[in-house]
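Colleague: Got a minute to walk me through this model before I set anything up? I'd like the reasoning along with the answers.

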Amino acid sequence: MDKKTNMGSMQMNVIPIKSEWKTGSQPLKANENIPISIFIKDKSNKPITKFDTVHEKLMHLIIVNKDLSYFSHIHPEYNGNGEFDITTAFPAGGDYQLIAEVTPHGAGDNSVEKHWLHIDGPVPTAKSIVQDSTLTKVVDGVKATLSFDQLMSGMSLNMTFTLSDAATNKPIKNLQPYLGAMGHCVAISKDLKQYLHIHPMTAKGTGPKVTFMTFFPKKGVYKIWGQFQYENRVIVVPFVVDVPEMKNVG
Ligand SMILES: [Cu+2]
């Protein structure tokens, strides 16, 4: 009954799904609470009603804007009959990509449903998504360094965040579990076409190193967000990397 797929292979969805999205009445405005309902159905339009809890939640919803400068990871409530609901606000006008992850019971793997939403309001000048020249930064009192055992598309690789307390410079050894894991990580390609949700190699641990195994399906620029819980706050550490193409070997 082990239906776990190889992390390095493409995800296999045993149950193909589709989704229908409903939002509050138009126009949807920036900085206003907007109700969002997501209906998960099978290919014959019948609601899917049973979902597995993955990392403590039935649905994970990631929201980004077009230039990937905005990132939000929230958890809609399940209201039965395939319907998930949440209310959220968007910080500015523009187009947002909403990415919902669910695991229908019996599917054995998660499904990802994407939806674009236009929000009315002044649109800030798009920031360019530029590769970080150094993979160390300080966010909210935590210094994070990102490293890879190898960085290439089309192959499984390890990605490690090394965390220290920015004030004391001491390695962090008391990370708290966040949604049942040492950390969570999401990567999205610059063109927003590739979405990767990456879990740590080991469920347990407290730092200072958190290693994720992942697979970039295509070369190109990706923004990566690592999420960790430290001293009762959730820290989101973003990095932009350029993933080169796998070299042809023999
Ligand atoms: Cu989540």
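What follows is a short back-and-forth on this predicted model.

Colleague: Let's start with the metal. Which residues coordinate the copper ion?

Modeller: The donors follow the spacing H-x12-H-x1-H along the chain. Their distances to the copper ion run from 1.7 to 2.0 Å. Water is not among the atoms, so the site may look incomplete. The donors in the model are His-60 (ND1), His-73 (NE2) and His-75 (NE2).

Colleague: How many residues apart in sequence are the parts that His-60 and His-73 tie together?

Modeller: Both of these histidines are buried. His-60 sits in strand β3 (residues 59–65) and His-73 in strand β4 (residues 71–74), so the pair links parts of the chain separated by 13 residues.

Colleague: And the sheet those strands belong to: which strands are its edges?

Modeller: It's an open sheet of four strands, with antiparallel pairing, in the order β4-β3-β7-β8. From one strand to the next, the twist averages 20°. An edge strand here pairs on one side only, and that gives β4 and β8 (111–119).

Colleague: What is the bridge partner of Ile-62 in β7?

Modeller: β3 pairs with strand β7 (residues 94–102) in the antiparallel sense, over seven bridges. Within β7, the partner of Ile-62 is Ile-99.

Colleague: Now packing. Which element gives the largest share of the largest nonpolar core?

Modeller: That core has 28 residues, and those with the most contacts inside it are Met-159, Phe-161, Leu-163, Phe-216 and Ile-224. Elements giving two or more residues to it include β10, β11, β14 (209–215) and β15 (220–230). The largest share is five residues, and it comes from β16.

Colleague: How many residues are in the second, separate core?

Modeller: Its members include Ile-48, Leu-61, Tyr-70 and Ala-100. The count for this second core is 25 residues.

Colleague: Is Ser-153 buried or exposed?

Modeller: Ser-153 is in the loop between β10 (142–148) and β11 (156–165). Its contacts beyond four places in sequence include Phe-216, Lys-218, Val-243 and Met-246. The cut-off for burial is under 20% relative accessible area. Ser-153 comes in at 6%, so it counts as buried.

Colleague: Which residue's backbone nitrogen lies 3.4 Å from a polar atom of the Ser-153 side chain?

Modeller: Pro-244, Glu-245 and Met-246 are among the residues that Ser-153 touches. The backbone nitrogen at 3.4 Å belongs to Met-246.

Colleague: I'd also like to check the backbone. What is omega for the peptide bond from Gly-207 to Pro-208?

Modeller: Pro-208 is in the loop between β13 and β14, and Leu-163 is one of the residues it touches. The bond from Gly-207 is cis, with omega near 0°.

Colleague: And what is omega for the bond from Gln-26 to Pro-27?

Modeller: Pro-27 is in the loop between β1 (17–23) and β2 (34–42). This peptide bond is cis, with omega near -10°.

Colleague: Last one: what is the relative accessible area of Asn-232?

Modeller: Asn-232 lies in the loop between β15 and β16, as does Glu-231. Phi is positive in both, near 50° for Glu-231 and near 65° for Asn-232. Glu-231 is partly exposed at 43%. Asn-232 counts as exposed, with a relative accessible area of 64%.

Note on methods:
Residues numbered from 1 in each chain as written. Predicted model: local features only at pLDDT ≥ 70, side-chain atom pairs only at ≥ 80, totals over all residues. Heavy atoms only, no water. Donors = N, O, S within 2.8 Å, 3.2 Å for Na, K, Ca; no water. Buried < 20%, exposed > 50% of the residue type's maximum accessible area, 1.4 Å probe, protein only. Polar contact = N/O pair within 3.5 Å; in protein donor to acceptor, adjacent residues only side chain to side chain. Contact = heavy atoms within 4.5 Å. Core = buried A, V, L, I, M, F, W, Y, C linked by side-chain atoms within 4.5 Å. Pairing = 2+ DSSP bridges. Axes fitted to C-alpha atoms, helices over the stretch in contact; angles between N-to-C directions.
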